[in-house]
Amino acid sequence: MEEIKIEYYADIKNYFEAAKYFTKSKIKRNIFDKIMEIFVLLIGIFMLTIGNFLLGIIFLVFGIIFMLNIFEKIVTYMYFKMYTAKIGSQKLIISTDKIRYKQKDINSDIDWNYYKGFIETPNTILLLYGKKYYSVIPKDAFSADELEKFILLLCEKFPESKYNLNKKEDKQ
């Protein structure tokens with residue numbers, strides 16, 4: 001495969017989308033979160049019924065904030081503004097051996113074994129590393145042909161990845 005060269009700037013909407021899909025991919029965590037959200041709301045309702053209005057309202061507000069993923073969006077926004085927005089132009093040179101990352105004074109080669117899998121969302125591709133970390137690559141940085149080659153390379157590099165959302169489409 002010939003190298004794929006892309007250049008892009010980080011965009012907050014891509015990070016919001018990435019956080020949403022990454023959270024959805026963690027099924028056990030997602031189920032636990034939903035149960036806790038309902039539990040917090042029920043405590044709030046219970047507090048209101050027994051006459052403890054202040055505590056009831058506090059629990060209801062926090063329950064609603066967590067149900068609407070407002071807290072997650074605030075954390076994503078803060079991370080983006082504190083770190084990612086200041087990066088500027090990012091360049092990736094993708095080959096079958098590695099990904100070369102270039103940005104301002106940084107020039108690093110990242111082997112594929114550093115990553116654990118990937119998640120494809122409607123507008124981004126997340127390269128997963130560690131249990132809670134991922135790199136966000138916007139799809140619009142690729143031409144249609146390059147994007148297809150990149151996704152095929154990801155499927156080749158991570159054939160057993162539970163995050164490979166294209167497997168479902170291939171089997172149909």
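Q: Why is K104 called exposed in this predicted model?
A: K104 has a relative accessibility of 65%. Exposed means over 50%, so K104 counts as exposed. K104 sits in the loop between β3 and β4.

Q: What makes the phi of K104 worth a look?
A: Its phi is near 40°, a positive value in a residue other than glycine. Most residues other than glycine have a negative phi.

Q: Which value does N69 have for phi, and where is N69 placed?
A: The phi of N69 is positive, about 60°, although N69 is not a glycine. You can find N69 in the loop between α3 (53–67) and α4 (70–82).

Q: Why does N69 count as partly exposed?
A: The relative accessibility of N69 is 32%. Partly exposed lies between the 20% and 50% cut-offs, so N69 belongs in that class.

Q: What makes G88 partly exposed rather than buried?
A: Buried means under 20% relative accessible area. G88 has 21%, so G88 is partly exposed. G88 is found in the loop between α4 and β2.

Q: How do you know that G88 touches residues from another part of the chain?
A: Contact means heavy atoms within 4.5 Å. Leaving out residues up to four places away in sequence, G88 touches Y8 and Y9. G88 and Y8 are 80 residues apart along the chain, and their C-alpha atoms are separated by 8.4 Å.

Q: How do the side chains of β1, where Y8 and Y9 belong, alternate?
A: I4, I6 and Y8 point to one face and are buried. K5, E7 and Y9 point to the other face and are not buried.

Q: How do you know that β1 and β2 pair?
A: Two strands pair if there are at least two bridges between them. β1 and β2 have six bridges, in the antiparallel sense. One partnership to look for is Y9 with S89 in β2.

Q: How many bridges join β2 to β3, and in which sense do these strands run?
A: Four bridges join β2 (residues 89–94) to β3 (residues 98–103), and the strands run antiparallel. I94 stands opposite I99 in β3.

Q: What is the order of the strands in the open sheet?
A: The four strands come in the order β1-β2-β3-β4, with antiparallel pairing.

Q: Why do β1 and β4 stand at the edges?
A: β1 (4–9) and β4 (106–111) each have a single partner strand, so one side of each is left without a neighbour in the sheet. Neighbouring strands of this sheet are turned by 20° against each other on average, direction ignored.

Q: Which helix lies across β1 and β2?
A: Helix α5 (residues 144–157) does, running at about 105° to β1.

Q: What makes β5 and β6 a pair?
A: Pairing takes at least two bridges, and four join β5 to β6 (residues 124–129), running antiparallel. I119 stands opposite L126 in β6. The two strands are joined by a hairpin through three residues.

Q: Which way do the side chains of β5 point?
A: In β5 (residues 117–120), G117 and I119 point one way, while F118 and E120 point the other way. All of them are buried.

Q: What is the volume of the largest pocket, and which residues are closest to its centre?
A: The volume is about 1,500 Å³. Of the 46 lining residues, A19, F22, T76, K132 and Y134 are the closest to the centre. By class, the lining has 28 nonpolar, nine polar and nine charged residues.

Terms used: Residues numbered from 1 in each chain as written. Predicted model: local features only at pLDDT ≥ 70, side-chain atom pairs only at ≥ 80, totals over all residues. Heavy atoms only, no water. Axes fitted to C-alpha atoms, helices over the stretch in contact; angles between N-to-C directions. Buried < 20%, exposed > 50% of the residue type's maximum accessible area, 1.4 Å probe, protein only. 1 Å grid on protein atoms, 1.4 Å probe; cavity = no way out; pocket = protein on both sides within 12 Å on 5 of 7 lines; lining within 4 Å. Points joined across faces, edges and corners; volume = space filled by probe spheres on them. Nonpolar A, V, L, I, M, F, W, Y, C, P; charged D, E, K, R; others polar.
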